[in-house]
Amino acid sequence: MSKKRNEIIVPTGVQQVLLHACCAPCSSAIVEWLVQHDVRPTIFYYNPNIWPRQEYDIRKEESKRHAESLGLSWLDGDYDHQRWLDAVRGLEGEPERGRRCVQCFAHRLTVAALQARELGLQYFTTTLASSRWKSLDQITEAGQQAQSAVPDTIFWAQNWRKGGLQERRNQLLHEYQFYNQQYCGCEFSQRKAVCTDISQTP
């Protein structure tokens with residue numbers, strides 16, 4: 001492994017990676033950093049947790065617009081919300097950062113690992129690890145589960161908040177005028193956000 005000045009660690013010899021992207025804002029600074037450091041990402045948008053479908057489509061189109069503006073490969077995973085609901089069944093009442101989130105991450109990253117293997121890419125990583133609202137330990141756990149489930153793949157566990165990327169994300173958000181969502185994506189996190197907003201209303 002080689003360590004960069006900004007504390008982001010690139011696996012030795014890696015020149016390509018499958019980047020599971022949750023949205024364009026979270027992808028932007030990571031993609032920029034990868035390209036600047038001679039790692040070419042293939043962006044894979046697989047987020048069947050997002051609800052409703054209109055919200056999913058808005059985020060998808062923003063991710064695609066971002067990739068196309070940079071001339072990068074962009075892949076659309078299927079929107080099968082029922083498959084995702086089946087994957088987290090029994091965990092609907094879990095709090096944010098609870099067991100449902102681990103299961104959600106594991107499902108999405110396993111599909112990402114399968115896509116990476118299909119493309120002949122050994123390494124995969126995720127923009128989920130750029131969000132301060134998510135647990136890095138949970139994301140790493142889910143990525144390792146995906147790696148174990150899909151032979152010949154390696155999860156690049158990385159804290160993508162480092163090296164000024166959080167600040168750069170905010171700059172790119174405005175430069176690209178990205179749509180910036182206000183909740184994680186699933187109906188369970190949306191309900192929590194609505195309840196929080198109501199409870200804080202004077």
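**Close-up views of a predicted model**

**View 1. Arg-168, a partly exposed residue in a salt-bridge network.** In this predicted model, Arg-168 has a relative accessible area of 21%, so it counts as partly exposed. Its salt-bridge partner here is Glu-175, with the closest N and O atoms 3.2 Å apart. Glu-175 is classed as exposed, at 54% relative accessibility. Look for Glu-32 as well: salt bridges with shared partners link Glu-32, Arg-168 and Glu-175 into one network.

**View 2. Glu-62 and Arg-65, paired within helix 2.** Here the two side chains come together in a salt bridge, at 2.9 Å from N to O. The residues are 3 apart in helix 2, which means that about one helical turn separates Glu-62 from Arg-65. Which class does each partner fall into, buried or partly exposed? Glu-62 is buried, with a relative accessibility of 13%, whereas Arg-65 is partly exposed at 34%.

**View 3. Lys-60, a buried lysine in helix 2.** Lys-60 sits in helix 2, which covers residues 53–70. With a relative accessible area of 14%, Lys-60 is buried, because the buried class takes in values under 20%. Setting aside residues up to four places away in sequence, you will find Lys-60 touching Tyr-45, Trp-74 and Asp-76.

**View 4. Arg-89 and Asp-86, joined by a salt bridge.** The side chains of this pair meet at 2.5 Å, N to O. Arg-89 is exposed, its relative accessible area being 52%. Asp-86, at 42% relative accessibility, is partly exposed. For the wider picture, the model has a count of 9 salt bridges, and this Arg-89 to Asp-86 pair is one of the salt bridges found.

**View 5. Pro-41, a buried residue in strand 4.** Pro-41 belongs to strand 4, made up of residues 40–45. Its relative accessible area is 1%, so Pro-41 is buried. What surrounds Pro-41, leaving aside its neighbours within four places in sequence? The contacts are Val-17, Leu-19, Val-31, Leu-34, Val-35, Leu-72 and Ser-73. If you zoom out to find His-174, its C-alpha atom is 22 Å from that of Pro-41, and the two residues are 133 apart along the chain.

Note on methods. Residues are numbered from 1 along each chain as its sequence is written. This is a predicted model: local features need pLDDT of at least 70, side-chain atom pairs count only at pLDDT 80 or more; totals for chains, interfaces and linings use all residues. Side-chain values use heavy atoms; hydrogens and water are left out. Helices (H or I, at least four residues) and strands (E, at least two) are DSSP runs, numbered from the N terminus. Buried means under 20% relative accessible area, exposed over 50%, partly exposed in between (1.4 Å probe, protein chains only). Contact means heavy atoms within 4.5 Å. A salt bridge is a side-chain nitrogen of Lys or Arg within 4 Å of a carboxyl oxygen of Asp or Glu.
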